[in-house]
Protein chains: 2
Amino acid sequence: MRRIALVSVAVTAVAGVAAYMGSASGQSNGDAAPIYGIKIPEGYRDWRLISVKQLTGKQLTGAGGELKQLRAQLGNDLAIKAFRDGTLPFPDGAIIAALHWNEASSDFDNQALAAGFPGLGLQSSFAGSAVNVQFMVKDSKKYAASGGWGFADFTNGKPGNEALHAKCFSCHQPAKDRDYVFTHYAPTP
Amino acid sequence: MRRIALVSVAVTAVAGVAAYMGSASGQSNGDAAPIYGIKIPEGYRDWRLISVKQLTGKQLTGAGGELKQLRAQLGNDLAIKAFRDGTLPFPDGAIIAALHWNEASSDFDNQALAAGFPGLGLQSSFAGSAVNVQFMVKDSKKYAASGGWGFADFTNGKPGNEALHAKCFSCHQPAKDRDYVFTHYAPTP
């Protein structure tokens with residue numbers, strides 16, 4: 001589950017960023033992710049939107065259960081500016097956060113859709129329980145061995161293990177021409 | 001299509017908000033939506049994230065085509081604070097924006113997923129072309145006849161017609177106990 005959650009993601013807090021507990025805008029227990037030494041950046045939940053995604057498939061754990069997640073990618077100011085300007089590679093200091101939720105639905109919402117738009121079979125789903133959050137932190141010197149990016153993955157504020165983090169960079173290799181970032185900036189409607 | 005796009009939404013810009021063209025953070029041609037007199041609020045693309053959704057169903061127009069959208073709800077500062085604090089009704093001045101995109105996928109992304117996580121059948125989709133943006137604007141006096149909310153829907157910066165906007169409030173009636181807002185605040189992972 002954690003490994004899957006790492007897939008499509010993004011950046012993290014530079015180690016040393018002040019951590020705090022229980023804020024609505026981002027939380028951390030202060031533990032740094034292995035390999036890259038990255039902590040959860042304070043207030044990341046307040047960052048601006050890059051794009052949204054859905055991920056479906058089979059769960060890594062559990063007896064064949066289905067995985068269905070809704071995801072949002074947020075960026076700090078440097079990351080947002082780089083996406084909008086089309087700047088590659090991303091500048092040092094850019095951080096991308098990927099927030100992953102279990103996809104949920106409600107009869108209440110779907111009944112309202114059926115009443116408002118009969119015959120269309122509309123179904124809505126939304127971000128349910130939190131799964132994990134991942135970060136990509138750009139530091140071309142510190143993380144020179146991994147394309148200039150540090151990676152981190154947290155579940156309930158706790159970083160994943162070293163085996164998990166050892167996989168991040170190799171999975172992002174196919175996006176080398178986009179500075180290892182899969183996510184595109186969603187157009188402004 | 002426009003009618004469907006209105007479904008799950010949220011608030012808008014108070015009429016009179018300065019409009020501008022072509023910014024990466026929100027654009028407007030200055031036209032106000034009918035009935036409620038709402039313009040696109042400047043810079044709404046910079047607002048903070050409330051939640052994300054998916055909407056599937058049949059297209060309203062076209063020969064039986066499938067509708068598949070990814071959506072994000074953003075809020076201005078008053079709206080975000082109200083969501084986090086659980087404040088109901090929402091305070092005057094709160095604005096919720098709903099950004100709707102056609103759901104897209106790429107072989108590139110899915111091949112990277114297959115290589116990184118073989119055997120799991122992972123499939124990713126993301127926000128593709130923009131469909132429309134909708135707003136709910138709270139003004140308990142001005143919009144007293146519609147639960148204190150004004151509604152607006154824009155496609156390519158142009159407001160939808162009066163028939164479209166006449167439907168907004170009735171579709172939101174089922175959510176009366178939540179101040180006519182279907183969207184819940186997504187938890188911070």
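In strand E5 of chain A, Trp149(A) is the bridge partner of Lys138(A). That pair is a handy place to start a walk through this predicted model, since it leads us straight into strand E4 of chain A. E4(A) and strand E5 (residues 149-155) of chain A run antiparallel to each other and are paired over 6 bridges.

Let us stay with E4(A) and look at what else it pairs with. Strand E3 (residues 95-104) of chain A is also antiparallel to E4(A), and 9 bridges join the two. To find this pairing in the structure, look for Ile96(A), which stands opposite Met136(A) in E4(A). How much of strand E4 of chain A is buried? Of the 16 residues in this strand (residues 123-138), 12 are buried, so the rest of the structure largely encloses it. The cut-off behind that statement is a count of 20 or more other C-beta atoms within 10 Å of a residue's own.

The pairing of E4(A) also reaches into the other chain. Which strand of chain B does E4(A) pair with? The partner is E1(B), and the two are antiparallel, with 4 bridges between them. Gln123(A) is a good residue to look for here, with Thr56(B) of E1(B) standing opposite. Now turn to strand E1 (residues 48-58) of chain A, which pairs with E4(B), again in the antiparallel sense and over 4 bridges. In this pairing, Gln54(A) has Ser125(B) of E4(B) as its bridge partner.

With those strands in view, we can step back to the whole contact between the chains. Chain A contributes 54 residues to the contact and chain B contributes 53. On chain B, the side that touches chain A draws at least two residues from each of helix H1 (2-6), strand E1 (48-58), strand E2 (66-75), strand E3 (95-104), helix H3 (107-116) and strand E4 (123-138). The residues on that side of chain B comprise 28 nonpolar, 17 polar and 8 charged ones.

How are the two chains related in space? A turn of 180° with a shift of 0.0 Å along the axis lays chain B on chain A with an RMSD of 0.0 Å. This is the relation of a two-fold axis. To locate that axis from chain B, go to Arg48(B): its C-alpha is the nearest to the axis in that chain, at 2.9 Å. Both copies use the same surface, as 100% of the contact residues of chain B recur in chain A.

Finally, some backbone details deserve a visit. In chain A, the peptide bond from Leu88(A) to Pro89(A) is cis, with omega near -5°. Pro89(A) sits in the loop between helix H2 (77-85) and E3 of chain A. Chain B has a cis peptide bond joining Leu88(B) and Pro89(B), where omega is about -5°, and Pro89(B) is in the loop between helix H2 (77-85) and E3 of chain B.

Two residues with positive phi round off the tour. Ile35(A) is a residue other than glycine, yet its phi is positive, near 70°. You will find Ile35(A) in the loop between helix H1 (2-6) and E1 of chain A. Ile35(A) counts as partly exposed because it has 19 C-beta neighbours inside 10 Å. In chain B, Asp179(B) has a positive phi near 55°, and it too is a residue other than glycine. Asp179(B) belongs to the segment after helix H5 (168-172) of chain B, and its 18 C-beta neighbours inside 10 Å make it partly exposed.

Terms used: Residues are numbered from 1 along each chain as its sequence is written. Chains are lettered from A and ligands numbered from 1 in the order in which they are written. This is a predicted model: local features need pLDDT of at least 70, side-chain atom pairs count only at pLDDT 80 or more; totals for chains, interfaces and linings use all residues. Two residues are in contact if their C-beta atoms, placed from the backbone, lie within 7 Å. Ala, Val, Leu, Ile, Met, Phe, Trp, Tyr, Cys and Pro count as nonpolar, Asp, Glu, Lys and Arg as charged, and the others, Gly among them, as polar. Two strands pair if DSSP finds at least two bridges between them. Copies are superposed by least squares on the C-alpha atoms of residues with pLDDT of at least 70 in both.
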